[in-house]
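Visitor: I would like to see how the labels on this model are earned. Please show me the structure, and I will ask about the terms.

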Amino acid sequence: MKPSLVHPLGMDTYDLITRNAAEVVTEDEVEEMAESPEVKRAYVGYEPSGVLHIGHMLTANKLIDLQEAGFDVTVLLADVHAYLNDKGTFEEIRDTAERMQQQFIAYGLDEDKTDFVYGSTYQMDEEYELDLHAMQVETTLNRAQRAMAEIQSGETAKVSHVVYPLMQALDIEYLDVDLAVGGIDQRKVHMLARENLPELGYDSPTSLHTPILADLTTGEGKMSSSEGVTISMEDSADDLAEKVNSAYCPPTRDPEPDDDGNERENPVLQIFEYHVFPRFEEVVVERPDQYGGNLEYGDYAALADDLESGELHPADAKSALADYLDRLIEPGRKQLQS
RNA sequence: CCGCCCUUAGCUCAGACUGGUAGAGCAGUCGACUGUAGAUCGACUUGUCCCCCGUUCAAAUCGGGGAGGGCGGACCA
């Protein structure tokens with residue numbers, strides 16, 4: 001059965017590890033890790049970008065959960081991957097990687113408990129290169145291209161684009177990772193790792209996938225930093241209020257598809273679920289007496305139910321969301337400014 | 001190495017044959033309506049027409065050269 005260790009939030013280790021995860025591969029493997037988390041290592045790889053946005057923060061929240069559960073945590077600053085994805089010169093990428101590391105610390109990752117590793121410190125080693133070639137022998141072009149989440153549809157793949165996911169798979173072995181963490185968009189990479197690493201004589205890794213936040217203004221697809229509106233560490237309170245207010249927010253958890261049949265989510269609820277409630281014991285929605293006065297929620301489900309029933313108006317939910325996002329970001333924002 | 005196609009608004013593209021310094025859809029911005037957003041109306045904004053040279057009173061448009069991208073062929077010792 002599950003371990004009896006109880007964490008501050010009253011969850012056992014397995015529940016803490018898997019909370020808010022979209023998927024875990026496999027549950028059995030994670031249950032086994034939950035037995036002895038203090039000797040396990042988890043990692044997320046990030047392509048360096050100048051500003052930490054709410055999507056990065058979502059996986060960072062999971063790293064914080066894992067640290068609390070007892071895991072060691074590695075953050076890969078994937079400078080070589082960024083280079084392969086045509087994000088600039090090594091020098092430029094190194095600069096943004098440094099900034100990103102600072103932003104992660106400002107956001108709340110414990111500097112002492114987190115190993116920040118630059119990909120270039122080991123990905124050029126002969127042993128790594130030879131394993132990479134072995135991986136290339138094992139993998140079809142088609143498979144590698146499908147695993148490359150970053151490649152935009154319609155764009156023609158470069159050789160670097162198909163090498164990219166193979167290196168992601170190999171990183172899991174070279175960073176001595178037990179649990180590979182990423183957004184659900186990284187699923188194909190992790191499945192490729194599970195299938196191909198054993199061919200090289202390595203263990204098949206366990207993976208955990210977080211949900212991907214929907215686009216803030218449409219509720220469709222995923223929120224992107226390159227296009228559309230995203231929330232970042234560098235937003236002011238006014239920015240947050242403005243962005244949240246313009247968000248798509250029908251009074252339901254399951255919005256209807258749009259006229260073209262595209263699925264839609266409620267991004268305001270998603271942010272409450274994945275960012276606010278994991279970090280706050282209680283959420284107070286301030287509301288003018290005219291509309292019934294303040295509301296208090298101890299968990300996400302209660303808030304979502306009220307939005308669904310009409311008890312909580314989306315406009316009030318939004319102003320509360322902007323307020324709590326500001327509380328989450330403010331300490332880091334100050335630290336970055338100083 | 002050879003051949004064909006493409007390059008015009010943030011995006012997808014029309015306009016080119018029949019030269020007169022540019023258009024549509026989507027996106028975006030702003031209003032109206034909703035106590036949010038969306039939807040729906042209404043209005044508005046946007047351009048080195050890939051670059052250079054030439055012809056012309058006048059070139060996105062015609063001619064020449066170049067660059068970038070895509071596809072195919074050939075070579076297969």
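Visitor: What makes the pair between C249 and a base nitrogen of RNA strand B a polar contact?

Guide: A backbone N or O atom of C249 lies 2.6 Å from that base nitrogen. A polar contact is a pair of N or O atoms within 3.5 Å; within protein, one must be able to donate a hydrogen and the other to accept it, and residues adjacent in sequence count only if both atoms are side-chain atoms. So 2.6 Å qualifies. This is a predicted model: local features need pLDDT of at least 70, side-chain atom pairs need 80 or more, and totals for chains, interfaces and linings use all residues. Residues count from 1 along each chain as written, chains are lettered from A and ligands numbered from 1 in written order, and side-chain values use heavy atoms, without hydrogens and water.

Visitor: Which atoms of D316 and Y248 approach RNA strand B?

Guide: For D316, a side-chain N or O atom is 2.7 Å from a base nitrogen. For Y248, a backbone N or O atom lies 3.2 Å from a sugar or linking oxygen.

Visitor: How many residues are around RNA strand B, and which come nearest?

Guide: There are 15, with N245, A247, C249, D316 and K318 nearest. Near means a heavy atom within 4 Å. Sugar and phosphate make up 44% of the strand's atoms that come within 4 Å of the protein.

Visitor: What makes helix 13 a helix, and how many residues does it give to this surface?

Guide: A helix is a DSSP run of H or I, at least four residues, numbered from the N terminus. Helix 13 spans residues 314-337 and gives the largest share, 4 residues.

Note on methods. Helices (H or I, at least four residues) and strands (E, at least two) are DSSP runs, numbered from the N terminus.
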